[in-house]
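Okay, everyone, thanks for coming. Let me put the structure up, and then I'll walk you through a few spots in it.

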Amino acid sequence: MNLAIVGMQFGDEGKGKIVDFLSENFDIVARFSGGSNAGHTVVYEGNEVKFHLLPSGVLRGKIGILGNGMVIDLKKLQREMEMVRELGVEPKILISSRAHVVTSFHRILDEMEDEIIKIGTTKQGIGPSYAAKHTRIGIRIADIFQGDLEKKLKLLSEIHRLELSEEEIKKEARELKETGEKMKGMVEDTEIWLNNAIDSRKSVLFEGSQASFLDIDFGTYPYVTSSNTTVGGIVTGLGIPPSKIDKVMGIAKAYTTRVGAGPFPTELHGEDGEKLRERGREYGATTGRPRRVGHLDLVLLRYATVINGIQEIALTKVDVLSGMKRVKIAIKYECDGEKKRFPPANINNCKPVYEEIDGWDNIEDKNLQRFIELIEKETGAKVKIVSYGASREDTIMR
Ligand code: GDP
Ligand code: IMO
Ligand code: MG
């Protein structure tokens with residue numbers, strides 16, 4: 001059975017924790033989109049481990065695939081592998097020959113562009129690397145080993161008027177080659193490798209990064225990331241046909257958070273927001289920025305369920321809301337006087353319509369059951385996993 005994991009909100013739903021929890025039953029964990037903008041937290045032997053590029057299953061000895069849909073900073077990847085080795089585990093990974101690289105030039109561009117666009121990106125060079133891919137001036141992993149690498153870097157510099165010196169280009173090419181050579185043994189045509197593995201009955205967990213509302217097509221454009229983070233990203237970002245995705249599980253936090261700019265209808269400001277941020281320890285795993293926080297938004301969850309074909313939900317961080325007298329949940333929006341059950345293309349003018357229920361004190365509380373049943377009724381998906389702490393143990397299967 002091959003299972004897809006996708007975020008249902010604006011990221012940081014706890015995908016890392018759930019992937020780690022489920023990975024036991026899978027042979028392979030495969031990332032299909034994004035790069036080191038992701039920050040997936042796993043608690044391993046009592047320590048918090050943050051993954052940015054490596055699939056979260058590698059700590060459990062699973063084979064990790066970095067798919068062609070990713071954009072990879074090889075130096076960062078090397079450092080992350082070192083971190084895993086220091087924990088006493090040799091990461092087993094395969095890197096797609098067709099994945100694109102993030103160079104230091106893409107990082108510079110990200111910094112420069114975000115000064116103007118003000119999306120509040122993670123400054124990891126993600127947008128510029130995907131832009132280069134689509135402008136057809138990108139550099140793939142396989143291209144590092146070709147003779148014209150300097151020419152490619154020069155083209156990038158010219159198109160973006162970076163005015164890099166000959167020396168800077170030579171240095172970047174040299175470093176890319178050096179790191180590339182060290183990683184060469186892990187480079188693979190992963191689309192064929194993975195399809196063969198599935199055909200010989202190996203099971204795959206597809207690890208989504210970012211989330212549905214950061215998707216380049218379905219997110220709150222332009223405040224999104226530059227890839228397809230929804231289920232279609234698996235098909236194009238790994239070369240896996242839809243028929244090989246057996247089930248889709250959405251990960252949703254019991255409330256909503258967002259890092260960076262963009263619309264957020266249920267956002268909480270002031271003291272209430274502050275309190276929730278502290279209780280949930282809502283600080284970015286990649287940039288350390290405070291996350292914006294707000295109430296659960298079922299308009300978003302309903303949409304995410306439809307566009308991803310989500311059959312099951314893993315609901316995380318229910319412990320963070322525990323002890324609250326009342327819990328507010330957005331059921332629909334009112335957008336320019338019109339009621340909406342699904343988010344329109346622009347949600348800037350949408351006001352949430354809330355339902356309020358009594359809060360819960362512990363995971364057995366019947367009010368938590370009512371909360372879960374409301375999510376199931378409104379999305380049509382089954383809440384299969386409830387997570388009430390960062391560790392693997394703090395998880396219930398329903
Ligand atoms: P991801 O990007 O979706 O993998 O999520 P992040 O790792 O960026 O953020 C989720 C944060 O919540 C991490 O610090 C996790 O350790 C933590 N976490 C995950 N599940 C739970 C939970 O059920 N309860 C609590 N209190 N923390 C959780
Ligand atoms: P995980 O996988 C939360 C946000 C950034 C910014 C926007 C674009 O941990 O859930 P980018 O650097 O991708 O060009 O930034 O997307 N963003 C995330 N927010 N979790 C993430 O990943 C994110 N990856 C990107 O904050 O608003
Ligand atoms: Mg994260």
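Quick bit of vocabulary before anything else: when I say helix or strand, I mean a DSSP run, at least four residues for a helix and at least two for a strand, numbered from the N terminus. With that in hand, here's a place to start: Pro222 sits in the loop between β10 (204-207) and α8 (232-238). And please keep in mind that this is a predicted model.

So what's going on at Pro222? The peptide bond leading into it from Tyr221 is cis, with omega near 5°. As background, most peptide bonds are trans, and most residues other than glycine have a negative phi.

That second part brings me to two other residues. Gln210 is also placed in the loop between β10 and α8. Its phi is near 50°, so a positive value, and Gln210 isn't a glycine. Then there's Arg161, in the loop between α5 (149-159) and α6 (166-183), and phi of Arg161 is near 50° too, again positive in a non-glycine residue.

Are these two buried or exposed? Gln210 is buried, with a relative accessible area of 8%. Arg161 is exposed, at 69%.

Now the ligands. Let's take ligand 2, since Gln210 takes us there: 20 residues are around it, and among those that come nearest are Gln210, Lys15 and Thr122. His40 and Thr225 are on that nearest list as well, and both make polar contacts through their side chains. For His40, a polar side-chain atom is 2.7 Å from an oxygen of ligand 2; for Thr225, the distance is 2.6 Å. Val259 joins in from its backbone, with a polar atom 3.0 Å from a ligand 2 oxygen. How much of ligand 2 does the protein bury? Taken alone, ligand 2 exposes 550 Å², and 98% of that is buried by the protein. The space it takes up is the largest pocket.

Ligand 1, meanwhile, sits in the second largest pocket. It has 18 residues around it, the closest being Lys15, Gly16, Thr41, Asp319 and Ser387. Look at the backbone here: Gly14 has an N or O atom 2.8 Å from an oxygen of ligand 1, Lys15 has one at 2.7 Å, and Gly16 has one at 2.8 Å. The protein covers 92% of the 580 Å² of accessible area that ligand 1 has on its own.

Which helix or strand gives the largest share of that shell? It's α1, with three residues. α1 (15-23), β3 (40-44) and α11 (318-321) each supply at least two.

Last stop: two glutamines. Gln9 is in the loop between β1 (3-7) and α1. Why do we call it buried? Because its relative accessibility is 2%, and the cut-off for buried is under 20%. Further along the sequence, Gln9 touches, among others, Phe213, Leu214, Tyr255 and Leu301, and a polar atom of its side chain is 2.9 Å from the backbone nitrogen of Lys253.

Gln311 is in the loop between α10 (298-308) and β15 (312-316), and it's partly exposed, at 40%. Its side chain reaches the backbone nitrogen of Val248 at 2.8 Å. Beyond its sequence neighbours, Gln311 also contacts residues including Asp246, Lys247 and Ala381.

That's my tour, so over to you.

How values were computed. Residues numbered from 1 in each chain as written. Chains lettered and ligands numbered in written order. Predicted model: local features only at pLDDT ≥ 70, side-chain atom pairs only at ≥ 80, totals over all residues. Heavy atoms only, no water. Buried < 20%, exposed > 50% of the residue type's maximum accessible area, 1.4 Å probe, protein only. Contact = heavy atoms within 4.5 Å. Polar contact = N/O pair within 3.5 Å; in protein donor to acceptor, adjacent residues only side chain to side chain. Near = heavy atom within 4 Å. Areas by Shrake-Rupley, 256 points an atom, 1.4 Å probe, with all protein chains shown as cover. 1 Å grid on protein atoms, 1.4 Å probe; cavity = no way out; pocket = protein on both sides within 12 Å on 5 of 7 lines; lining within 4 Å. Sits in = over half its atoms within 2 Å of the grid points. Lists of a residue's contacts leave out its neighbours within four places in sequence.
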